[in-house]
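Me: I should like to go through the terms applied to this model and ask what stands behind each of them. Please set each value against the criterion it has to meet.

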Amino acid sequence: MPRERWRKRRFFRAKFFFFAILFLAAALLGGAVYALRYPGWQIQTVLVFGFDETMHADVEARVRESLDARFAFILPKSSYFLFDEGAVQKTLEKDFPWLHDITVKKEFPSMVSVVARERGLWAVFCDMNRTCGYMDKTGFIYEEAPVSTGALIMTVETDEQEVHIPSQAFDPAFVQKLDSFVLLLGEKTGEDVETFLFSKEFPGEVRVRTRHGFLLYLDRDDDFGKVISILRVFLEKEIG
């Protein structure tokens with residue numbers, strides 16, 4: 001008899017703990033859902049900085065689209081705790097390739113800020129099919145461009161590859177070297193670069209056409225500073 005009583009007591013005790021744990025879990029879950037849905041902790045304000053203000057509305061609208069989504073059909077992604085800064089940043093990088101250095105930061109309890117910089121035009125890149133795009137100083141092609149862009153805009157032409165927009169056409173360090181060449185050429189000789197030419201037949205070669213019709217043949221690994229010094233001496237002798 002005492003053994004039977006002990007078994008019943010043990011059963012009721014286990015049952016009590018089971019329901020207590022179940023109640024606690026339900027309470028915690030309910031509290032979590034309440035916190036995630038609490039109006040005061042929903043992202044309401046989206047601030048955009050760092051580039052042309054006329055384009056702020058498009059970026060803000062894209063961020064707000066992500067706020068309208070729901071997790072598991074119930075929990076709003078506009079919740080401060082569910083808002084994914086990294087995912088929104090990747091979305092903005094994909095949808096707005098003309099922006100770079102994008103930073104998305106949430107601030108408790110209800111604000112998100114987006115800071116970015118607008119890519120600056122360095123040259124117009126055209127491929128073997130005469131498909132062209134605007135390229136910045138990092139070698140990134142961020143937007144389609146017309147084939148004819150006017151004589152004042154420097155171009156990069158190649159028969160090596162097809163251009164994909166957006167895409168990284170050149171290594172940033174190499175483009176920086178080309179940019180230094182452009183600046184140094186203008187400073188030392190008064191010549192402006194009109195076109196950089198690349199060919200798959202001569203992968204290590206860079207041809208440079210200037211606005212006065214000179215055609216320079218360079219090696220990618222050349223010291224461009226020395227090349228310009230030699231060109232300057234030549235121009236001084238030939239032209240005076």
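The exchange below takes up strand pairing, hairpins and a pocket in this predicted model.

Me: Why are strand S11 and strand S12 called paired?

Reply: Two strands pair if there are at least two bridges between them. S11 (residues 193-199) and S12 (residues 202-210) have 5 bridges, so the criterion of at least two is met. Their sense is antiparallel. Valine 193, for example, stands opposite threonine 210 in S12. The two strands form a hairpin, with 2 residues between them.

Me: How do you know that S12 also pairs with strand S13?

Reply: The same kind of count applies: 5 bridges link S12 to S13 (residues 215-219), again in the antiparallel sense, and the threshold is at least two. Within this pair, valine 208 has leucine 216 in S13 as its bridge partner. S12 and S13 form a hairpin with 4 residues between the strands, and there glycine 213 takes a positive phi near 95°.

Me: What makes strand S6 and strand S7 a pair?

Reply: S6 (residues 123-126) and S7 (residues 132-135) are joined by 4 bridges and run antiparallel; because at least two bridges are required, the strands count as paired. Valine 124 has tyrosine 134 in S7 as its bridge partner. The hairpin of S6 and S7 has 5 residues between the strands, and arginine 130 in the turn shows a positive phi of about 65°.

Me: How do you know that S7 pairs with strand S8?

Reply: There are 4 bridges between S7 and S8 (residues 140-145), in the antiparallel sense, against a requirement of at least two. In S8, glutamate 144 is the bridge partner of glycine 133. This hairpin has 4 residues between S7 and S8, and glycine 139 in the turn has a positive phi of about 85°.

Me: What makes a residue part of the lining of the largest pocket?

Reply: A lining residue has an atom within 4 Å of a pocket point. The residues that line the largest pocket include Arg62, Phe83, Asp84 and Leu92. Helix H2 (56-67) and helix H3 (85-95) are the elements that give two or more residues to this lining. The largest share, 4 residues, comes from H3. The volume of the pocket is about 170 Å³.

Me: Why are 7 residues of that lining classed as nonpolar?

Reply: Ala, Val, Leu and Phe are among the types that count as nonpolar, and the lining includes Ala69, Val63, Leu82 and Phe83. The lining is completed by 2 polar and 3 charged residues. Arg, Lys and Asp count as charged, and Arg62, Lys77 and Asp84 are in the lining.

Terms used. Residues numbered from 1 in each chain as written. Predicted model: local features only at pLDDT ≥ 70, side-chain atom pairs only at ≥ 80, totals over all residues. Heavy atoms only, no water. 1 Å grid on protein atoms, 1.4 Å probe; cavity = no way out; pocket = protein on both sides within 12 Å on 5 of 7 lines; lining within 4 Å. Points joined across faces, edges and corners; volume = space filled by probe spheres on them.
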